[in-house]
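Let's take a walk through this structure together, going from the overall layout to a few aromatic side chains. Have the 3D view open as you read.

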Amino acid sequence: MTGGRGRGLVVKAQAKGVDAMDLHHVTARLDVNDADLSGSRFNDANLSGASFNQINFSGARFNDSNMSGWRVNDVNLSGAVFDNLNLSGAVLTNCRLTGVTIDGVPLEEMMAAWRRSVGG
């Protein structure tokens, strides 16, 4: 499937759902629900304003991307790697975050440092 403003959008589908999806030079706001995107790679992506609900992003890698204004609910981000991102205004609720790293730093360490800084 190709078309619209999303020049270069390529979706390879199988009978039981999408097997692989390659998005190149796509300009579109994403609203994704109930999908398994585990192990996916997002490089130099503009995901600003995207909405994700009930998604499995375990083991996914996000590199050099704009994720500002992300709305993420009930998402498994376990083991996800985030490097060189804009996460301004992102809101994550009810997410599994075990093993997440941001710019090489484990999220657990960031949260512990924050708790210490606010006296908690």
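Start with the sheet: F42 stands opposite F62 in β6. Please keep in mind that this is a predicted model. The facing residues belong to two strands, β4 and β6 (residues 61-63), which pair in the parallel sense over three bridges.

Now step back to see where that pairing sits. An open sheet of five strands runs in the order β4-β6-β8-β10-β11, and its pairing is mixed. The edges are taken by β4 (41-43) and β11 (105-106); each has a single partner strand, so one side of each is left without a neighbour in the sheet.

What does the secondary structure of the whole chain come to? The tally is one helix and 11 strands. Followed along the sequence, the pattern is β-β-β-β-β-β-β-β-β-β-β-α, so with elements numbered from the N terminus, the helix comes after the strands.

A few totals help to set the scene. The chain has 120 residues, and 26% of them count as buried. About 7,600 Å² of the chain is exposed, with carbon and sulfur atoms supplying 50% of that area. If you like contact maps, look at the separations: among contacts with a separation of 6 or more, residues 24 or more positions apart account for 0%.

Let's move on to the rings. A pair of aromatic rings is described by the distance of the centres and the angle of the planes. The count here comes to eight aromatic pairs. In one of them, the ring centres of F42 and F57 are 5.8 Å apart and the planes meet at 80 degrees, which makes the pair edge-to-face because the angle is over 60 degrees. F42 lies in strand β4, while F57 lies in the loop between β5 (51-56) and β6, so this pair ties together parts that are 15 residues apart in sequence.

F57 also forms an edge-to-face pair with F52, at 5.1 Å centre to centre and with 75 degrees between the planes.

Are these side chains buried or exposed? Both F42 and F57 are buried. For F57 the relative accessible area is 0%, and the cut-off for buried is under 20%, so F57 qualifies. F52 is buried too, with a relative accessible area of 3%.

Finally, put the rings together in your viewer. Ring pairs link F42, F52, F57, F62, W70 and F82 into a cluster. Two members of that cluster take you back to the start of the tour, as F42 and F62 stand opposite each other in the sheet.

Definitions and conventions
Residues numbered from 1 in each chain as written. Predicted model: local features only at pLDDT ≥ 70, side-chain atom pairs only at ≥ 80, totals over all residues. Heavy atoms only, no water. Pairing = 2+ DSSP bridges. Helix = DSSP H or I, 4+ residues; strand = E, 2+ residues; numbered from the N terminus. Buried < 20%, exposed > 50% of the residue type's maximum accessible area, 1.4 Å probe, protein only. Contact = heavy atoms within 4.5 Å. Areas by Shrake-Rupley, 256 points an atom, 1.4 Å probe, with all protein chains shown as cover. Phe/Tyr/Trp six-rings, centres within 6.5 Å; stacked < 30°, edge-to-face > 60°.
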